[in-house]
Structures are given as structure tokens and as C-alpha cells.
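Colleague: I've just opened this one and I'm new to it. Can you walk me through it?

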Amino acid sequence: MQTSCKLSSVAKNYLNTFHCTLDGMIQDMTEAELNNSISYNYIAQMVPHHQAAIEMSQNLLQYTTFIPLQDIACGIIAEQTKSIETMQEIQCACGMRKNCSQDLCLYQRRVDQIMQHMFSSMSSTPDTNQINANFIREMVPHHMGAIEMSKTTLQYDICPQLKPVLDAIISSQQKGICQMRRLLHQPGCM
């Protein structure tokens with residue numbers, strides 16, 4: 001946590017919830033029970049990733065009055081809730097698609113690198129009184145992590161039911177990053 005100024009009580013409350021959610025996500029993603037299926041393992045680690053985005057968006061909605069960011073947060077909640085439901089529905093069937101140990105090792109090594117970079121980027125965002133800007137700076141690396149994990153997963157032999165989920169995550173989160181980066185420079189965001 002990097003604090004660049006004296007924080008208001010509102011900012012402290014927002015940031016405390018963010019950091020608790022981030023810590024929970026890190027723990028749940030790194031301690032996820034994995035097996036010999038890349039498809040299954042992706043879901044096991046992406047569900048807590050999505051759940052954290054939902055909780056972070058709900059946290060923002062308690063504090064922001066900036067309507068464009070409210071819309072983005074509501075979109076994250078709706079999209080990622082649906083994505084979690086879909087992944088949970090297909091996880092058992094996807095777990096039947098087994099991968100060789102070499103692919104599993106290469107895949108997990110790359111995913112671990114992506115996750116560590118994402119955790120580090122999210123943990124090192126400066127804590128300020130600008131809650132809208134804080135959320136964007138926290139959520140952009142979160143989205144980037146999901147995109148990179150999804151692209152990595154697509155390089156392997158995976159369950160056919162998982163592919164449209166990955167494509168949707170990549171598409172929606174790339175769009176979300178563009179929207180948030182544009183908002184960061186609007187006067188109402190600060």
C-alpha cells in the first residue's frame with residue numbers, strides 16, 4: 001500500500017475494503033485446488049478472480065457519484081456474475097479434458113507469472129483520496145491479468161465449451177480497459 005497523501009475517512013474505508021478483497025483474491029487464486037486439466041485449472045483460478053472484481057465494483061458503488069464509472073462497475077458485476085455461473089456449470093465436464101504433464105507445467109508456470117505481475121501491480125497502486133481514479137488504477141491490471149490468463153489458456157488443448165467463455169472475457173475486458181483509461185482523463189473522474 002502506497003499512500004501519497006493524508007487520506008479521508010471515506011477513502012480509508014474504500015481502500016481497506018479493496019485491500020481485504022485483493023488479499024482474499026490472491027489467497028484464493030494461489031491456493032486453488034488444481035488437477036491435470038488446464039480447462040479445470042483455469043476455471044478454478046478465474047472464479048475467485050471474477051468474484052474479486054464483483055466485490056471491488058460493489059465497493060466502488062458505495063462511494064462514487066461518477067455515472068460513467070457506475071455504469072462500468074454495474075457492467076462488471078453483471079458480466080462476471082454470468083461468467084462465473086457459466087464456468088461453474090461447465091467445470092466438471094471441462095475437467096474431463098486432461099493434459100500432458102509438460103503442457104500442465106508450461107501452462108501453470110506462465111499463469112503463475114501473470115498472476116504475480118497482476119498481484120504486484122494491483123498492490124502497488126498509490127492510495128489516494130480520488131476513489132474513482134483508485135478503482136481504475138486497480139481494475140486495469142486486474143482486467144489485464146484475466147486477458148493474459150485467457151490468451152495463455154487458448155494456446156493449449158482445452159474443453160470446447162470453455163473457448164467461448166475465454167473469447168468473451170478477452171473481448172469484454174479489453175473494452176473495459178479502453179473505457180476506464182478514457183475516463184481517467186475526464187474532469188468528473190477526479
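Modeller: Sure, let's start with helix 5. It is mostly covered, with 19 of its 23 residues buried. Buried means under 20% relative accessible area, exposed means over 50%, and partly exposed is in between, using a 1.4 Å probe and protein chains only. Helices are DSSP runs (H or I, at least four residues; strands are E, at least two), numbered from the N terminus.

Colleague: Anything I should know about the model itself?

Modeller: It's a predicted model, so local features need pLDDT of at least 70 and side-chain atom pairs count only at pLDDT 80 or more, while totals for chains, interfaces and linings use all residues. Residues are numbered from 1 along each chain as its sequence is written, and side-chain values use heavy atoms, leaving out hydrogens and water.

Colleague: What should helix 5 span, and how far apart are its end C-alpha atoms?

Modeller: Helix 5 covers residues 131–153, and at 1.5 Å a residue it should span 33 Å; the end C-alpha atoms are 33 Å apart, so the two agree. The expected span is 1.5 Å times one less than the number of residues.

Colleague: And how many residues of helix 2 are buried?

Modeller: In helix 2, 19 of the 24 residues are buried, so the rest of the structure largely encloses it. That helix runs over residues 38–61, and its expected span of 34 Å agrees with the 34 Å between its end C-alpha atoms.

Colleague: Let's pick a residue. Is Gln-80 buried or exposed?

Modeller: Gln-80 counts as buried because its relative accessibility is 3%. You'll find Gln-80 in helix 3, residues 67–94.

Colleague: What does Gln-80 touch?

Modeller: Apart from neighbours within four places in sequence, Gln-80 is in contact with His-50, Ala-53, Ile-54, His-143 and Gln-173. Contact here means heavy atoms within 4.5 Å.

Colleague: New topic: how many salt bridges are there?

Modeller: The structure holds 2 salt bridges. A salt bridge is a side-chain nitrogen of Lys or Arg within 4 Å of a carboxyl oxygen of Asp or Glu. Asp-157 forms one with Arg-97, with the closest N and O atoms 2.7 Å apart. This pair links distant parts of the chain, 60 residues apart: Asp-157 is in the loop between helix 5 and helix 6 (163–184), and Arg-97 is in the loop between helix 3 and helix 4 (101–123).

Colleague: Which side chains meet in a salt bridge at 3.0 Å?

Modeller: Those of Asp-167 and Lys-163, going N to O. They sit 4 residues apart in helix 6, so about one helical turn separates them. Asp-167 is partly exposed at 34% relative accessibility, and Lys-163 is partly exposed at 43%.

Colleague: How many disulfides?

Modeller: A search of the whole structure finds 0 disulfides, meaning pairs of cysteine sulfur atoms within 2.5 Å. For Cys-105, the nearest cysteine sulfur is that of Cys-100, 10 Å away. Cys-105 is partly exposed, with a relative accessible area of 40%.

Colleague: Last one: what volume does the largest pocket have?

Modeller: About 240 Å³. On a 1 Å grid over the protein atoms alone, a pocket is an open set of points where a 1.4 Å probe fits, with protein on both sides within 12 Å along at least five of seven lines, and lining residues have an atom within 4 Å of a point. Of the 13 lining residues, the closest to the centre are Glu-79, Lys-82, Ser-83, Ala-168 and Ile-169. Helix 3 and helix 6 each supply at least two residues of that lining.

Note on methods: Points joined across faces, edges and corners; volume = space filled by probe spheres on them.
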